[in-house]
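Let's take a walk through this model together, going from one residue outward to the sheets, helices and cores around it. Keep the viewer open as you read.

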Amino acid sequence: MTAQPMHAPSHDGTVSAAARIAEILPPTPLLPVEIEGIPLWVKAECLQPIGAFKIRGGWNRLSTLSLEEAKRGVVGVSSGNHAQGVAWAARRLGIHAAIVMPNDAPQVKLANVRALGAEIVLYDRPGGEDRDAIARALCEERGATFVHAYGDAWVIEGQGSAGIEIAAQMAERGIAGPTRIVAPCGGGGLTAGLALACPDAEIVPVEPEGWDDVARSLAAGKILSVGPNLPPTACDALQTPATWPINFAVLQQRASPGLAVSEAEVRAAQRFAFSHLRLVLEPGGSVALAAALAGKVALDPGTVIMLTGGNVDPASFAKVLENA
């Protein structure tokens, strides 16, 4: 049997994904917060079983594989959070998963993926190795299915299930919305999924400074990759080389101009989440909050800020708090 052909991600796909995910996972909390006197909301995806929203896309993709595809296994690419999402789903479904991960990934993420039973194939990210090429070679050799971190329709729809949850949670509170969703953006899987799930909401992608290729791509009207001489960033989860056409096609139609935040603003957001929300956020998971706290995005009571990941080495997080 051949692999399922890729389809265009859709709103209906996010609804189906939300129903599929609701069978195994409870909704993550939608918490009230006040920023500059404005009441709004945060979606605590950092409280997922793997500490990140990526469990959504991982489950949606693997749970829709055919029996033959499942027998041949899957190959993913990730700096850590998508790796954990795929590994978690694979263990639950009895599927072999190999994850191509950078050799400079945080140790906590590497350890978590190993603990979930996935095979790790390391590549040299600082040296410029192409993770997608490595993954494709493994897929060809093994007959496995490539589960890309963001360039996959099922993954995009799975991430978009968070938007379906948000709308339902706000409706339960008698609130119209969301009016705006501010979200971290690496390759654009989450932002594209949210755009499809919540067609009436403004979608605001946020990236680290110097790694804002999606923002530059939206401004240019074409996909641009990250440039040379990239600055170091603590946001390992958002160090993607370029978005993919499947994501860009959605973002071009629906996303607002992207925003970029500094390393200092990211650390300030991590401290704010810890002190005001009692939540531990990794750097990449806090960039949307960083943009809001820095006054870079308009806020109103219908705004939702995505807190997407909490997988951070304790020693690194302690340093963030010490520098308050």
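Is T233 buried or exposed? T233 has a relative accessibility of 14%, and because buried means under 20%, it counts as buried. Bear in mind as you look that this is a predicted model. You will find T233 in the loop between helix 9 and helix 10. Its side chain makes two polar links, set out here.

| Atom group of T233 | Partner | Distance |
|---|---|---|
| T233 side chain | C235 backbone nitrogen | 3.0 Å |
| T233 side chain | E263 side chain | 2.7 Å |

Setting aside residues up to four places away in sequence, T233 touches P208, W211, Q239 and E263. E263 therefore appears both as a polar partner of the T233 side chain and in this list of touching residues, where contact means heavy atoms within 4.5 Å.

The loop between helix 9 and helix 10 also holds I223. With a relative accessibility of 31%, I223 counts as partly exposed, because that value falls between the 20% and 50% limits. Once neighbours within four places in sequence are left out, I223 is in contact with S217, A242, T243, W244, P245 and F248. For a sense of scale, try picking I223 and A97: they are 126 residues apart along the chain, and their C-alpha atoms are separated by 30 Å.

Now for the two helices on either side of that loop. The axes of helix 9 and helix 10 come within 10 Å and cross at roughly 60°, and the crossing is right-handed. Which residues meet there? Helix 9 brings V214, S217 and L218, while helix 10 brings F248, L251 and Q252. Two of these names, S217 and F248, are also contacts of I223.

Helix 8 is another good place to stop. It is largely enclosed by the rest of the structure, because nine of its nine residues are buried. The buried residues include G189, T191, L194 and A197. Among the elements covering them are helix 1 (11-22), helix 7, strand 7, strand 8 (202-208), helix 10 and strand 10.

That brings us to the nonpolar cores. The largest has 31 residues, and those with the most contacts inside it are I181, L194, V304 and M306. At least two core residues each come from helix 7 (153-172), strand 7 (180-184), helix 8 (189-197), helix 9 (213-220), helix 10 (245-254) and strand 10 (303-307). Apart from this core lies another, of 30 residues, with L40, L289, A292 and V297 among them. To explore the largest core, you could centre on V304, whose contacts beyond four places in sequence include L30, W41, I166, M170, I181 and V182. K43, P178 and R180 are also in contact with V304.

Finally, have a look at the sheet. How are its strands ordered? Four strands form an open sheet in the order 5-4-3-6, with parallel pairing. Strand 5 (119-123) and strand 6 (145-147) are the edge strands, each pairing on one side only. From one strand to the next, the twist averages 25°.

Strand 4 (residues 97-102) pairs with strand 5 in the parallel sense over five bridges. In that pairing, A98 has E119 of strand 5 as its bridge partner. Helix 4 (residues 81-93) lies across strand 3 (74-77), strand 4 and strand 6, and runs at about 170° to strand 4.

Notes:
Residues numbered from 1 in each chain as written. Predicted model: local features only at pLDDT ≥ 70, side-chain atom pairs only at ≥ 80, totals over all residues. Heavy atoms only, no water. Core = buried A, V, L, I, M, F, W, Y, C linked by side-chain atoms within 4.5 Å. Buried < 20%, exposed > 50% of the residue type's maximum accessible area, 1.4 Å probe, protein only. Polar contact = N/O pair within 3.5 Å; in protein donor to acceptor, adjacent residues only side chain to side chain. Pairing = 2+ DSSP bridges. Axes fitted to C-alpha atoms, helices over the stretch in contact; angles between N-to-C directions. Left-handed = near helix turned anticlockwise from the far one by under 90°.
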